[in-house]
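I opened the file to look up a few things and kept notes as I went. The entries follow in the order in which I checked them.

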Amino acid sequence: MKHALLLAIFLFSSPFLVAQGEQVITAARVKETVSWLASDERLGRDTPSPGLEAAADWIGARFAKAGLEQVVKDSWFQVYSLPGVEIDSTTISLSVRMTVGDKTTTCTLKADEDVCILRAGEAAGGQDQEATVAYADDPRIERLLLAGGSRRPTVLEVPADHASFVAAKGKRCVLKARLLGSAPVFLVKQGLLPAGVETAQYFVNWSAPQPAAIDIPLRNVVACIRGASKPDEYVVVSSHYDHIGTGRAVDGDGIYNGADDDASGTTAVILLAEAMARGPTPARTVVFVCFSGEEKGLRGSAAFAKAPPVPLAKVVANVNIEMIGRPEPGKEHSAWITGHEYSDFAEIASAALQKAGIQTIDFAMAKQLFGASDNMSLAREGVVAHSISAGSLHKDYHQPSDDVSKLDIEHMTAVILGLKAVVREFADRPDRPRYNEQGLELLGSTKPRK
Ligand SMILES: [Zn+2]
């Protein structure tokens, strides 16, 4: 009894529980969902990062609460791994010696508090190595923050609340691909380095644990609504929940929130799952997937395609949702489909969108972008897979300013309602969409490396 009461209190106090008969896809719920995903607390959902893992847990919990079924045995997650290294700011040491003429100043820094390691080099330490030092007001600093490192150790002074400093604290894993350059990059809290002089030379003594090679476990979040009459055929509805993390600050903001890219698409996947879970049951099984690692080269979707939790030959369509929150002026309530000329997917989807009040428009780069998102991983395996977008490649794309405040929530809500009609159409229609000759020719030339 007590437990039941506690559960009831928990459920009814949750903002995500929807009472019977209430609308699921509303502007308020869109805003709430996208705001959580793109919050500064997620630190830009880098692959891998604690913010990304928190997002995976949260999406899994939403699927569970909506009453969806698991696709992977006993889990809301498909786990895959990528090669990486573990680095630990708590066990490093760094002292910086500055010489100007015959004057020398040395400062020793406290691990994890005053200094963090941003990128590991190939070695575990160095004595009296000449270093590149850049102060917070140095115009080169943002470029150096982005650079992978060099042959010299690099020491960058940043404000203590710089997103990169916050993200670099403690022990963490980074993908191997990020281990560029042979020397480490350190971040030092502003105000601790000896005051710089233009003619200064810098030398460092440093040590860091030898970067340990590990397999970094990563997760795609996967759930389904079992089809009523064709449960063994599937429609895959997807987005990527990762973004690019932290980095170069613009106007003091170093968190790349990825509100449009692709917290907006992930919001759509979550709300579509919640809305469709309330019925009526679709004919085919609808699988909802949020991929990680898209920004690192479509890694999550590649893992999904390599070890599909449902047979790909039985997937009739993949509706991948990318960037639906930032329409160009005058293009509100419009959407566009990547690679629409390759199959009859766009024709079918457009008709469904239109019925829901969403026009399909041409977008100049729609053809090139076909291969630029997770749909491509499934397309390579022969699945009719396209991305639907309802925005633009705005100037905030892959910038810290891709924030929730810039989203058109009303537009997003209308588009998600349109996408619901699209998913239902692919799930219920008798025929499956097909590639045409042009599509088959393209895919024939991009067969995956197995
Ligand atoms: Zn994206």
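Before naming any strand, I fixed the term: strands are DSSP runs of E of at least two residues, numbered from the N terminus. I also noted that this is a predicted model.

**Entry: Lys189**

I looked up Lys189 first and found it in strand 10, which spans residues 185-189. Is Lys189 buried or exposed? The cut-off for buried is 20 or more other C-beta atoms within 10 Å. Lys189 has 20 C-beta neighbours inside 10 Å and therefore counts as buried. Setting aside neighbours within four places in sequence, I listed its contacts as Asp114 and Ala160. I also took the C-alpha separation from Lys189 to Ala414, which is 46 Å for a pair 225 residues apart along the chain.

**Entry: domains**

I then read the domain assignment of the protein chain. Domain 1 is made of 18-83 and 216-445, and domain 2 is 93-208. Their C-alpha centres are 39 Å apart. How many residues of each domain are in contact with the other? I have 14 on the side of domain 1 and eleven on that of domain 2. On the domain 1 side, strand 2 (77-88), strand 14 (246-250) and strand 15 (253-255) each contribute at least two residues. Strand 14 gives the most, with four residues. By class, I recorded seven nonpolar, five polar and two charged residues on this side of domain 1.

**Entry: the four-stranded sheet**

I followed an open sheet of four strands, with order 4-3-11-6 and antiparallel pairing. Strand 4 (103-109) and strand 6 (125-130) are at the edges; each has a single partner strand, so one side of each has no neighbour in the sheet. From one strand to the next, the twist averages 10°. For strand 6, I checked the pairing with strand 11 (residues 201-207), which is antiparallel and runs over four bridges. Within it, Gly125 is opposite Ser207 of strand 11.

**Entry: strand 16**

How many residues of strand 16 are buried? Eight of the eight residues in this strand (284-291) are, so strand 16 is largely enclosed by the rest of the structure. I looked up two of its pairings. Strand 12 (residues 212-225) runs antiparallel to strand 16 and is joined to it by five bridges. Here Val221 faces Cys290 of strand 16. Strand 13 (residues 230-240) pairs with strand 16 in the parallel sense, over eight bridges. In that pairing, Val236 has Val287 as its bridge partner.

**Entry: helix 8**

My last lookup was helix 8, residues 345-355, where I listed Phe345, Ala346, Ala349, Ser350, Ala352 and Leu353 as buried. They span an arc of only 165° around the axis, which puts them on the same side of helix 8. Which residues are exposed on the other side of helix 8? I found Glu347 and Lys355 there. The cover over the buried residues of helix 8 includes strand 17 (315-321), strand 18 (334-337), strand 19 (359-360), strand 20 (385-389) and helix 10 (409-428). After helix 8 comes Gly357, and I noted its positive phi, near 85°.

How values were computed: Residues are numbered from 1 along each chain as its sequence is written. This is a predicted model: local features need pLDDT of at least 70, side-chain atom pairs count only at pLDDT 80 or more; totals for chains, interfaces and linings use all residues. Two strands pair if DSSP finds at least two bridges between them. Axes are lines fitted to C-alpha atoms, for helices over the stretch in contact, and angles run from 0 to 180 degrees between N-to-C directions. Domain bounds come from an automatic or database domain assignment. Two residues are in contact if their C-beta atoms, placed from the backbone, lie within 7 Å. Ala, Val, Leu, Ile, Met, Phe, Trp, Tyr, Cys and Pro count as nonpolar, Asp, Glu, Lys and Arg as charged, and the others, Gly among them, as polar. A residue is buried if 20 or more other C-beta atoms lie within 10 Å of its own, exposed if 12 or fewer, and partly exposed in between; C-beta atoms are placed from the backbone. The arc is that of the directions from the helix axis to the C-beta atoms.
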